[in-house]
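Visitor: I would like to look closely at one part of this model, with the cut-offs behind each term spelled out. Could you choose a part and take me through it at length?

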Amino acid sequence: MLFQLTNRPIEPLVESLHSHAGGIVIFEGRVRAINDDRAVSSLEYVAYPELALHEGHAIINNVLQQFDILEAYAIHRTGHLAIGDIAVWVMSAAVHRKEAFAATECIINAIKARVPIWKKEYYSDGEAIWVRCDHCAHDHAPCPAVKESM
């Protein structure tokens, strides 16, 4: 499966299926203890599964067509996550590292921009708020897969 949602911990290491891959790039987005100068105690992710899976698969398929890569996968957690847990995991494999880096960055930016997954931050002071992160994907160079319509 090219894109998955899971409520279980993400295993951080997999092997590429391609023996021709000279560059394998893995991105792990982890729950951090501080965000915007506030102490975070945990996170919660909620997704609209049907649309999230549809968009996630479309992103990976677009990237496979737009970049010279051999394979790509992404997994996003849902549910309650502790500090240090992997929230999102992306892997791209290519003959050369440049393409693998570019494809991996494009995938994570497109996921943040297009996939309906919402994040709630729980703070050490007891407050909990839903966090908008639509700006995250725009902090980097544009990616053609980000601009695809839902």
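Guide: The chain exposes about 8400 Å², of which carbon and sulfur atoms supply 53%; such areas come from the Shrake-Rupley method with a 1.4 Å probe, and for residues only the protein chains shown count as cover. This is a predicted model, in which local features need pLDDT of at least 70 and side-chain atom pairs count only at pLDDT 80 or more, whereas totals for chains, interfaces and linings use all residues. Residues are numbered from 1 along each chain as its sequence is written, and side-chain values use heavy atoms, with hydrogens and water left out.

The chain holds 2 helices and 9 strands, arranged along the sequence as β-β-β-β-α-β-β-β-α-β-β; these elements are DSSP runs numbered from the N terminus, helices being H or I with at least four residues and strands E with at least two. The part I choose is helix α2 (97-114). Its 18 residues should span 26 Å at 1.5 Å a residue, which agrees with the 25 Å between its end C-alpha atoms; the expected span is 1.5 Å times one less than the number of residues.

Within α2, the residues Ala100, Ala103, Thr104, Cys106, Ile107, Ile108, Asn109, Ala110, Ile111 and Arg114 are buried, a word that here means under 20% relative accessible area, with exposed meaning over 50% and partly exposed in between (1.4 Å probe, protein chains only). For the chain as a whole, 41% of the 150 residues count as buried. The cover over the buried residues of α2 includes β1 (3-6), β2 (23-30), α1, β5 and β7.

The largest nonpolar core has 29 residues, and Ala74, Val90, Ile107, Ile111 and Val115 are the ones that touch the most other members; a core is a set of buried Ala, Val, Leu, Ile, Met, Phe, Trp, Tyr and Cys residues joined through side-chain atoms within 4.5 Å. Two or more residues come to this core from each of β4 (38-47), α1, β5, β7 (86-94), α2 and β8 (117-123), and α2 gives the most, with 7 residues. In soluble globular proteins, nonpolar side chains tend to be buried together.

Ile107 shows how the helix meets its surroundings: beyond its neighbours within four places in sequence, Ile107 is in contact (heavy atoms within 4.5 Å) with Ile59, Ile60, Val63, Ala72, Ala74, Val90 and Ser92. Ile69, in the loop between α1 (49-66) and β5 (71-77), is buried because its relative accessible area is 10%, and the contacts of Ile69 include Glu99, Ala100 and Ala103.

Arg114 brings a charged pair to the helix, forming a salt bridge with Glu55 in which the closest N and O atoms are 2.7 Å apart; a salt bridge is a side-chain nitrogen of Lys or Arg within 4 Å of a carboxyl oxygen of Asp or Glu. Arg114 lies in helix α2 and Glu55 in helix α1, so the pair ties together parts that are 59 residues apart in sequence. Both ends count as buried, Arg114 at 4% relative accessibility and Glu55 at 1%. The structure holds 6 salt bridges; one of them joins Arg38 and Asp125 at 2.9 Å, N to O, where Arg38 is partly exposed at 24% and Asp125 is exposed at 57%.
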